[in-house]
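Subject: Handover of a structure and findings

Dear colleague,

Please find below the structure that I am passing to you. I would be grateful if you kept it open while reading the notes that come after it.

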Amino acid sequence: MSSTDTEVAPPEIKLDDGDHERFSHYVIGGGEALMRSAVTGEPVVALCGKVWVPSRDPDKYPVCKTCAEIREQILTRGNN
(Lines give C-alpha, C1' and ligand atoms only; values in the text may rest on other atoms or scores of the structure.)
Protein backbone atom coordinates (compact mmCIF):
# COMPACT_ATOMS: atom_id res chain seq x y z
CA MET A 1 0.00 0.00 0.00
CA SER A 2 1.48 3.38 -0.94
CA SER A 3 0.40 6.88 -0.08
CA THR A 4 0.86 10.10 -1.94
CA ASP A 5 1.49 13.37 -0.19
CA THR A 6 0.07 16.41 -1.90
CA GLU A 7 1.44 19.87 -1.26
CA VAL A 8 -1.01 22.69 -1.67
CA ALA A 9 0.44 26.10 -2.45
CA PRO A 10 -1.08 29.08 -0.66
CA PRO A 11 -3.40 31.17 -2.82
CA GLU A 12 -1.62 33.84 -4.81
CA ILE A 13 -2.49 37.34 -3.64
CA LYS A 14 -3.44 39.57 -6.54
CA LEU A 15 -2.52 43.19 -5.97
CA ASP A 16 -4.77 45.81 -7.52
CA ASP A 17 -3.45 47.80 -10.46
CA GLY A 18 -6.13 50.46 -10.00
CA ASP A 19 -6.04 53.99 -8.66
CA HIS A 20 -4.74 53.10 -5.19
CA GLU A 21 -1.64 55.17 -5.83
CA ARG A 22 -3.73 58.31 -6.33
CA PHE A 23 -5.72 58.05 -3.08
CA SER A 24 -5.15 57.26 0.55
CA HIS A 25 -7.36 54.51 1.94
CA TYR A 26 -8.74 53.34 5.28
CA VAL A 27 -7.22 49.93 5.94
CA ILE A 28 -9.10 47.01 7.46
CA GLY A 29 -7.28 46.31 10.71
CA GLY A 30 -6.07 49.91 11.00
CA GLY A 31 -2.66 50.73 12.39
CA GLU A 32 -1.92 47.14 13.37
CA ALA A 33 -2.34 45.97 9.76
CA LEU A 34 -0.22 48.87 8.50
CA MET A 35 2.59 48.08 10.95
CA ARG A 36 2.51 44.40 10.00
CA SER A 37 2.71 45.39 6.33
CA ALA A 38 5.63 47.71 6.99
CA VAL A 39 7.55 44.92 8.74
CA THR A 40 6.62 41.95 6.56
CA GLY A 41 5.72 43.48 3.20
CA GLU A 42 2.34 41.76 3.48
CA PRO A 43 -0.42 43.49 1.46
CA VAL A 44 -3.25 45.28 3.24
CA VAL A 45 -6.93 45.52 2.30
CA ALA A 46 -8.77 48.84 2.23
CA LEU A 47 -12.42 49.27 3.19
CA CYS A 48 -13.16 49.71 -0.52
CA GLY A 49 -11.52 46.38 -1.34
CA LYS A 50 -8.20 47.58 -2.76
CA VAL A 51 -5.29 45.27 -1.98
CA TRP A 52 -1.75 46.71 -2.02
CA VAL A 53 1.49 47.12 -0.12
CA PRO A 54 1.58 50.69 1.24
CA SER A 55 4.74 52.58 0.38
CA ARG A 56 3.74 56.24 0.13
CA ASP A 57 2.79 59.00 2.55
CA PRO A 58 -1.04 58.91 2.69
CA ASP A 59 -1.16 62.55 3.81
CA LYS A 60 -0.11 63.60 0.31
CA TYR A 61 -3.24 62.16 -1.33
CA PRO A 62 -6.99 62.72 -1.05
CA VAL A 63 -9.00 60.06 0.78
CA CYS A 64 -10.71 57.46 -1.39
CA LYS A 65 -14.40 58.42 -1.56
CA THR A 66 -15.58 54.82 -1.26
CA CYS A 67 -13.45 54.23 1.85
CA ALA A 68 -14.71 57.49 3.36
CA GLU A 69 -18.36 56.53 2.73
CA ILE A 70 -17.91 53.07 4.22
CA ARG A 71 -16.08 54.49 7.24
CA GLU A 72 -18.86 57.02 7.79
CA GLN A 73 -21.48 54.24 7.68
CA ILE A 74 -19.50 52.24 10.22
CA LEU A 75 -19.13 55.24 12.53
CA THR A 76 -22.82 56.17 12.16
CA ARG A 77 -23.93 52.63 13.07
CA GLY A 78 -21.64 52.70 16.09
CA ASN A 79 -23.37 55.83 17.41
CA ASN A 80 -26.88 54.34 17.20
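The notes below go from the overall fold to the cysteines, the core, the charged side chains and a few individual positions.

**Overall picture**

Please bear in mind that this is a predicted model. The protein has 80 residues, of which 16% count as buried. Its secondary structure comes to two helices and two strands, and read from the N terminus the elements follow the order α-β-β-α. The exposed surface of the protein is about 6600 Å², with carbon and sulfur atoms supplying 53% of that area. Considering contacts between residues at least 6 apart in sequence, 49% of them join residues at least 24 apart.

**Cysteines**

How many disulfides does the structure hold? The number is zero. A disulfide requires two cysteine sulfur atoms within 2.5 Å, and the sulfurs of Cys48 and Cys64 can each be checked against that limit. For Cys48, the closest cysteine sulfur belongs to Cys67 and lies 3.7 Å away, which is too far for a bond. For Cys64, the closest cysteine sulfur is likewise in Cys67, but at 4.0 Å this pair too is too far for a bond. As to their surroundings, Cys48 is partly exposed, with a relative accessibility of 27%, whereas Cys64 is buried at 8%.

**The nonpolar core**

Which residues make up the largest nonpolar core? There are seven: Val27, Ala33, Val44, Ala46, Trp52, Cys64 and Cys67. Cys64 and Cys67, already mentioned for their sulfur atoms, are thus both members of this core. As general background, nonpolar side chains in soluble globular proteins tend to be buried together.

Two members of the core deserve a separate word. Leaving aside residues up to four places away in sequence, Ala46 touches His25, Tyr26, Val27, Ile28, Trp52 and Cys67. Among these contacts, Val27, Trp52 and Cys67 also belong to the core. Trp52 lies in strand S2, which covers residues 51–52, and is buried, with a relative accessible area of 11%. The C-alpha atoms of Trp52 and Glu42 are 8.4 Å apart, while the two residues are separated by 10 residues in sequence.

**Charged side chains**

A search of the whole structure finds two salt bridges. In general, side chains of opposite charge can pair when their charged atoms come close. Arg36 forms one of the salt bridges with Glu32, with a distance of 3.8 Å between the closest N and O atoms. Both Arg36 and Glu32 lie in helix H1, four residues apart, which is about one turn of the helix. Arg36 also meets Glu42 in a salt bridge, at 3.3 Å from N to O. Through shared partners, the salt bridges join Glu32, Arg36 and Glu42 into one network.

The accessibility of the three residues is as follows:

- Glu32 is exposed, at 59% relative accessibility.
- Arg36 is partly exposed, with a relative accessible area of 38%.
- Glu42 is partly exposed, at 36% relative accessibility.

**Individual positions**

Is Ser37 buried or exposed? Ser37 is buried, with a relative accessible area of 4%. Ser37 lies in helix H1, which spans residues 30–40. Not counting residues up to four places away in sequence, Ser37 touches Glu42, Val44, Val53 and Pro54. One of these, Val44, is a member of the core, and another, Glu42, takes part in a salt bridge with Arg36.

Where is Glu69 placed? Glu69 is in helix H2, residues 65–78, and counts as exposed at 53% relative accessibility. Glu69 and Cys48 are 21 residues apart in sequence, and their C-alpha atoms are 9.2 Å apart in space.

Arg56 belongs to the loop between S2 and H2 and is partly exposed, at 48% relative accessibility. Between Arg56 and Ser24, which are 32 residues apart along the chain, the C-alpha separation is 9.0 Å.

**Summary**

To recapitulate, the predicted model has zero disulfides, a largest nonpolar core of seven residues and two salt bridges that join Glu32, Arg36 and Glu42 into one network.

With kind regards

Conventions
Residues numbered from 1 in each chain as written. Predicted model: local features only at pLDDT ≥ 70, side-chain atom pairs only at ≥ 80, totals over all residues. Heavy atoms only, no water. Buried < 20%, exposed > 50% of the residue type's maximum accessible area, 1.4 Å probe, protein only. Core = buried A, V, L, I, M, F, W, Y, C linked by side-chain atoms within 4.5 Å. Contact = heavy atoms within 4.5 Å. Areas by Shrake-Rupley, 256 points an atom, 1.4 Å probe, with all protein chains shown as cover. Salt bridge = Lys/Arg side-chain N within 4 Å of Asp/Glu carboxyl O.
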